[in-house]
Structure formats: structure tokens, C-alpha cells
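Hi everyone, thanks for having me. Please pull up the structure on your screens, and we'll walk through it together.

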Amino acid sequence: MKLTEIFKHKTVFSFEVFPPHGEAPVDKIRKTLTNLEHIHPDFISVTLGAGGIGAQNQTVGIANFIQNDLNIPAVAHIPGLYQSKEDVRKLLAELSGHHISNILALRGDKIAGRTPVGDFNHANELVSFIKEQPGDFQLMGACYPQCHQEAANLIEDIANLKRKVDAGADHLISQLFYENQCFYDFMDQTRSAGISVPIEAGIMPVTNKSQIERMAKISGKPLPEKFAAILNHYADNKEALRDAGIAYAIDQIVDLVAHGVDGIHLYTMNHSKVAQRIWDATASLFKDSEEKPSVHL
């Protein structure tokens with residue numbers, strides 16, 4: 001069954017993980033994944049940074065482990081900005097060799113001091129290119145409820161998103177957000193723009209204040225007052241901040257599922273215990289949605 005078919009029958013629950021940085025052992029992420037295997041997420045996505053062949057090999061290896069050892073559908077990220085067409089062809093062939101057909105096609109973040117290859121300056125160009133390649137690849141794309149930082153405004157950003165969907169992206173995953181209303185407003189605008197593909201809400205539980213503040217700075221969007229108050233109040237208590245962050249994420253998920261969200265994509269940051277606690281508190285919400293038609297926001 002293609003991943004897009006799952007949305008017709010239930011509220012989807014999925015994870016994102018990333019390959020270990022530097023010299024960190026790959027066994028650590030395999031242990032994380034094994035610890036989460038019993039949850040049976042609908043799929044697990046694996047990021048791919050701009051670290052060259054080594055990073056690419058790690059991503060393919062982890063996706064292969066998810067797909068063929070854990071028997072959970074794997075989604076491999078492909079950021080196009082620093083990839084040539086030949087690079088992407090080789091990567092697609094390698095993924096196909098492991099029976100991995102689900103791709104999250106991204107432009108990717110710009111890196112200071114590094115010149116893009118120039119073959120894929122926008123995600124829709126990468127989507128179109130992959131659609132032309134042999135293999136039955138299912139393509140996903142990213143979306144930004146609070147507007148991509150390089151877009152002039154949300155109207156322009158949604159127009160760009162429409163081009164990505166028209167090029168062949170049949171499922172979208174949102175960037176993280178901490179105010180559900182901005183996601184609901186975004187959904188209204190995307191549907192009005194004629195974008196009808198499933199859109200998963202990206203949720204990242206807070207476990208590290210500096211990390212969240214860094215992401216907010218990159219996005220250029222202020223943190224919601226309620227969320228900022230949590231960060232500030234528990235800044236000096238790591239355990240309390242983690243617990244408050246988990247509770248906040250659970251509250252977001254409960255509200256989103258109640259409003260008929262297509263799915264939840266949990267940015268795990270490779271923390272299996274955090275992901276487990278969130279699942280323990282919300283599992284019944286997803287089980288209750290099984291075999292029910294999706295109610296689009």
C-alpha cells in the first residue's frame with residue numbers, strides 16, 4: 001500500500017530521525033529505532049544533510065535498516081541544492097536497490113560559503129526530475145505554516161507550494177510550529193489555493209532551550225507567548241523543561257487530532273524515551289481513528 005493510501009483510513013503517525021553526527025556510532029540510532037519499533041509508526045523518515053558521500057551512505061544505511069530489518073516504510077530525504085542530476089540518479093538507484101521508494105524531496109538549506117550546484121534551485125524542480133526517472137517513487141514535500149523565511153509572504157509561499165504539488169508531490173509534511181491556530185489558518189489557505197494532498201503536522205517536543213531558540217532565530221518567527229513562558233520558567237531545570245515540553249507537545253497533538261489533522265510527524269531528535277512518552281499519552285487517539293475516513297481541516 002502506498003503511503004498516501006493510509007491517509008484514507010486513519011490519522012497517520014510518523015517519525016523523523018537523523019544519522020549520527022561526526023564520529024557518533026551508527027549503532028546508537030539503530031538502538032533508538034529498535035526501541036521504537038513496537039509503536040509501529042506508519043513510516044519513519046531519515047534526514048540527509050550536505051555532508052557528502054559519507055552522510056549519504058549513512059542515510060541510505062539507516063533507511064535500509066528501517067525498511068528491511070524493522071519492516072516499517074522508510075522515507076529518505078533528498079535535499080537538491082547541492083546535488084547534481086547525476087548525484088540524484090545514483091542515490092535513487094541505490095535506494096531503489098533497497099526497495100525504498102518513498103522520497104521527501106527538498107530544496108535544502110543554504111550553506112554559507114558553499115555554492116549550490118545549480119541543477120535544483122527549488123524543490124519543485126527536484127520533484128519534477130525524480131518523476132521523470134525510472135522507478136515508482138512516491139514523493140513528499142515540505143511546507144511552512146508560518147511561511148518559509150525566504151518567501152516575501154505566505155501568499156507567495158503557498159503559490160510555490162502549489163507548484164511543488166503540481167510537479168508531483170502527493171503528501172506534505174509541515175515544519176515545526178508551536179501554535180496550532182497558525183496551522184489551522186495555513187490549512188484554510190492551502191485548501192483555498194487548490195492544494196488537496198494530505199498534510200501532516202510537524203511536532204517537535206522541547207528538550208533543549210537553546211536548540212529551540214536557534215530554530216526560531218533561523219525561521220525569523222517569534223515564539224508564542226505561552227511557549228516562551230515555559231522555556232523561560234524552566235530554563236534552569238533540564239528535567240522540568242523536558243517534562244513541560246513533552247506535555248506541550250501532547251497538548252498540541254490532542255488538539256490537532258481532534259480537529260481532524262491528516263497526520264502527526266514527530267521530530268524525535270533521536271530521543272526514543274521522549275517519543276515513547278508522547279506515544280503512550282496519545283496512542284489511543286490514533287487507534288480510535290483507524291478505519292475511519294480522514295476529516296480534512
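Let's start with some rings: Phe13, Phe15, Trp279 and Phe286 come together as one aromatic cluster. Keep in mind that what you see is a predicted model. In total, the structure holds ten aromatic pairs.

Phe286 takes us to our next stop, since this residue of H11 is also among those that meet H10. Helix H10 covers residues 238-258 and helix H11 covers residues 272-288. Their axes come within 10 Å and cross at roughly 25°. Angles under 35 degrees count as roughly parallel, so that is what we call H10 and H11. The crossing itself is right-handed.

Who touches whom here? On the H10 side you'll find, among others, Ile246, Ala249, Ile250 and Ile253, and on the H11 side the residues include Ile278, Ala281 and Leu285. Sorted by class, this contact has eleven nonpolar, one polar and three charged residues.

Now for the sheet. Eight strands, S1-S2-S3-S4-S5-S6-S7-S8, make a closed barrel with parallel pairing. On average, neighbouring strands are turned by 30° against each other, ignoring direction.

Let's zoom in on one pair. Strand S2, residues 43-46, runs parallel to strand S3, residues 74-79, and three bridges join them. For example, valine 46 has alanine 76 in S3 as its bridge partner.

Helices pack on this sheet too. Helix H4, residues 85-97, touches S3 and strand S4, and its direction makes about 175° with that of S3. Helix H7, residues 180-192, touches strands S5, S6 and S7, at about 155° to the direction of S7.

Thanks for listening!

Notes: Residues numbered from 1 in each chain as written. Predicted model: local features only at pLDDT ≥ 70, side-chain atom pairs only at ≥ 80, totals over all residues. Heavy atoms only, no water. Axes fitted to C-alpha atoms, helices over the stretch in contact; angles between N-to-C directions. Helix = DSSP H or I, 4+ residues; strand = E, 2+ residues; numbered from the N terminus. Parallel < 35°, antiparallel > 145°, perpendicular 65-115°, else oblique. Left-handed = near helix turned anticlockwise from the far one by under 90°. Contact = heavy atoms within 4.5 Å. Nonpolar A, V, L, I, M, F, W, Y, C, P; charged D, E, K, R; others polar. Phe/Tyr/Trp six-rings, centres within 6.5 Å; stacked < 30°, edge-to-face > 60°. Pairing = 2+ DSSP bridges.
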